[in-house]
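Work through the exercises below with the sequence and the model side by side. Each task is followed by a solution in steps.

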Amino acid sequence: MFDKGTYKEAVGEYPKAINAYFFALSLFNTSLPVYIAIARTYKKHRAFYNSIDYYTKAIGLYPMNAELYAKRADVHRCLKEYNLTIDNYKTASRLDSSNIEYYINSASAKYAIDDIQGAINDYTSALAQDYKNDSLYAQRGFYKLMKKMYKSAKEDYLTAIK
């Protein structure tokens, strides 16, 4: 039934896909891929709160899975619930500090609520994981310019150019 749900989801028949996934869930009630599929399909169907509910259920079963927090953060971002987005990315990055996308996405949410210093801090954390990434320096330099930290922004841009 999981494959049938995947097919229905791929062709945009979201209610039918969700029904197939629910059947698969009834057979394998702790299957992480099924929970993720249900939540993902609800998000595609723009039933965001249902999506959040299924990510939350999956987190209840697998609380140390950073990806689940990041996926739930993405749904909160769709709803413009930026503080919840940030909280979820913070947990995801605590569980998997090597994934720089969590820091980048958190910085984007902080920028949306005018927490420019928070965005700078997230890029600094990302650079601690990947100090050779020129785009991280360039983006942090942009945020520093917004904070009128001109000398520091210039240093970041020069580092990015090197």
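**Exercise 1: Surroundings of a lysine**

Leaving out residues up to four places away in sequence, Lys-144 touches Ile-120, Met-149, Ser-152, Ala-153 and Asp-156, where contact means heavy atoms within 4.5 Å. The model is predicted: local features need pLDDT of at least 70, side-chain atom pairs count only at pLDDT 80 or more, and totals for chains, interfaces and linings use all residues. Residues are numbered from 1 along each chain as its sequence is written, and side-chain values use heavy atoms, with hydrogens and water left out.

Task: place Lys-144 in its helix and decide whether Lys-144 is buried or exposed.

Solution.
- Step 1. Lys-144 is found in helix H9, residues 134–146. Helices (H or I, at least four residues) are DSSP runs, numbered from the N terminus.
- Step 2. The relative accessible area of Lys-144 is 8%. Buried means under 20%, exposed over 50%, and partly exposed in between, with a 1.4 Å probe and protein chains only.
- Step 3. Lys-144 is therefore buried.

**Exercise 2: Salt bridges in one helix**

Task: find the salt-bridge partners of Glu-67 and Arg-77, and give the spacing of each pair in helix H5.

Solution.
- Step 1. Apply the criterion: a salt bridge is a side-chain nitrogen of Lys or Arg within 4 Å of a carboxyl oxygen of Asp or Glu.
- Step 2. Glu-67 pairs with Lys-71, with 3.4 Å between the closest N and O atoms. Both belong to helix H5 (residues 66–78) and are 4 residues apart, about one turn of the helix.
- Step 3. Arg-77 pairs with Asp-74 at 2.9 Å, N to O. These two are 3 residues apart in helix H5, again about one helical turn.
- Step 4. Check accessibility. Glu-67 is partly exposed at 38%, and Lys-71 is partly exposed at 26%. Arg-77, at 26%, is partly exposed, and so is Asp-74, at 22%.

**Exercise 3: A network**

Task: which residues are linked with Lys-8 in a network of salt bridges, and how many salt bridges does a search of the whole structure find?

Solution.
- Step 1. The side chains of Lys-8 and Glu-13 form a salt bridge of 3.1 Å, N to O.
- Step 2. Lys-8 is buried, at 17% relative accessibility, whereas Glu-13 is partly exposed, at 29%.
- Step 3. The network links Lys-8, Glu-13 and Lys-16.
- Step 4. Searching the whole structure gives 9 salt bridges.
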